Amino acid sequence: MEMERISNAAVGAGEAEVPESLGLLKIPYLHRYWQHCWLKLKEPAVKPSQSHGEWDLENTLLSGLGLNILETGRFLHSASHTGFDSFEEWIIETNGGAIEEARLTRLRDALAGQPVGSAAGSLDNVPGLTAEERTFWDEYGYLVVHDAVAAEDRDAAAAAIYEFLDADPDQPETWYGNKFGVTIWVPLLRHPAFIANRQAPRLVKAFAQLWGREDLWSTVDQGGFNPPEHEGWKFPGPHVHWDASLERPHCFGVQGILYLTDTPADQGAFSCIPGFHRTLDQWLKELPPSEDPRQAIRRHPGLKPIAGKAGDLVLWHQSLPHGSSPNHGTEPRVVQYISLRPTRWEYTAEWK
Ligand SMILES: O=C(O)CCC(=O)C(=O)O
């Protein structure tokens, strides 16, 4: 198939007109993204480093369309659905049959390089981080934001995870039948309470303050369920790691996890090495060349579990080594993963 040229590819162009041929959602960049995925599929020799270098915009696109990056990849890889029309139909169907025009307009504007506000509306009167919290963040690279979402959405999200897993909070024998395997991930993505939590004003404001901007897009991330260890169920990870490239420069990025139930430190809490974002460069320089940093970090003694209450949002700088931890408590740890990123952000494309 001849690759069609999109003459008005939206990035930064600021153009308003979208030709009829660009489909149902009228997002020129969506067509460009689809073409790019198609090219990678048909010509696997094209390395990611030779890609069009728009990792940030691709994430914005998918977040704006309420899509998870892995589910989108899976859809596009399934041989029977490679047409652009079926891609758009799948997007709409995945969103429950319709996408609000206001959401599409905000996305179109952002992809066209126009300024957009927060998805949660004005944040002016929303309580934000204090000066002490900002100082703590700078020093330690993580932060616990209390009562980040509405209590009813927090509880509804926890209940949705139990229901999705066919588990019962009062029946421990039901906690270990995760149909998705031995994992703490729960691939529930678009429960209404999950969507509400991603847009909770206090949560959005915390991300906005750390990024220093409001044109943020929430990843469509999953839930998590980490039950107490026992003889037949041992914590499978994630062990300490980074999700960002270790190639320089080490860019700014904020990741987050929302505790949906009380999470004492020994109950499978999120763990990180506080302050490591400030010493990552030096640590890498001093590491013997024979050492793989991603293995070496596992021996670091500074990993600290971060306790929190139901409704607490733990934020961390992406340069902090982090992971989950074995649950030595009596209750499961129940969470929702949430990260917000701007339309465009600095990132290091080369993976190390
Ligand atoms: O579940 C956790 O506590 C850790 C999450 C994590 O490692 C990640 O989001 O990259």
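**Entry 1: the ligand shell**

I began with the secondary-structure elements around the ligand, and I noted that β5 (254-259), β9 (322-323) and β10 (333-337) each contribute at least two residues to its shell. The model I am reading is predicted. I then looked up which residues approach the ligand, and of the 13 around it I recorded H241, D243, H322, R333 and Y337 as those that come nearest. By character, I found the shell to consist of 6 nonpolar, 5 polar and 2 charged residues.

**Entry 2: polar atoms at the ligand**

I next listed distances from ligand oxygen atoms to polar side-chain atoms. For H322, I read 2.9 Å between an N or O atom of the side chain and an oxygen atom of the ligand. For H241, the corresponding distance from a polar side-chain atom to a ligand oxygen is 3.1 Å. For S324, I noted 3.4 Å between a polar side-chain atom and an oxygen atom of the ligand. I also looked up how far the ligand is enclosed: taken on its own it has 290 Å² of accessible area, and the protein covers 92% of this.

**Entry 3: the two domains**

I turned to the domain assignment, which divides the chain into domain 1 (20-111) and domain 2 (131-342). Over C-alpha atoms, I found the centres of domain 1 and domain 2 to be 27 Å apart. To their contact, domain 1 gives 12 residues and domain 2 gives 12 residues. I recorded about 910 Å² buried between domain 1 and domain 2, with 49% of that area on carbon and sulfur atoms. On the domain 1 side, I asked which three residues supply more of the area buried against domain 2 than any other three. They are S63, N68 and R106, and they supply 45% of the area that domain 1 buries there.

**Entry 4: backbone exceptions**

I closed with the backbone, bearing in mind that most peptide bonds are trans and that most residues other than glycine have a negative phi. I found a cis peptide bond between G237 and P238, with omega of about 15°. A cis peptide bond also joins R248 and P249, where I read omega as about -5°. I placed P238 in the loop between β4 (223-226) and β5, and P249 likewise in the loop between β4 and β5. Lastly, I noted that K26, although not a glycine, has a positive phi of about 55°. I located K26 in the segment before α1 (28-42).

Key
Residues numbered from 1 in each chain as written. Predicted model: local features only at pLDDT ≥ 70, side-chain atom pairs only at ≥ 80, totals over all residues. Heavy atoms only, no water. Near = heavy atom within 4 Å. Polar contact = N/O pair within 3.5 Å; in protein donor to acceptor, adjacent residues only side chain to side chain. Areas by Shrake-Rupley, 256 points an atom, 1.4 Å probe, with all protein chains shown as cover. Helix = DSSP H or I, 4+ residues; strand = E, 2+ residues; numbered from the N terminus. Nonpolar A, V, L, I, M, F, W, Y, C, P; charged D, E, K, R; others polar. Domains from an automatic or database assignment. Contact = heavy atoms within 4.5 Å. Buried area = accessible area lost by both parts, 1.4 Å probe.
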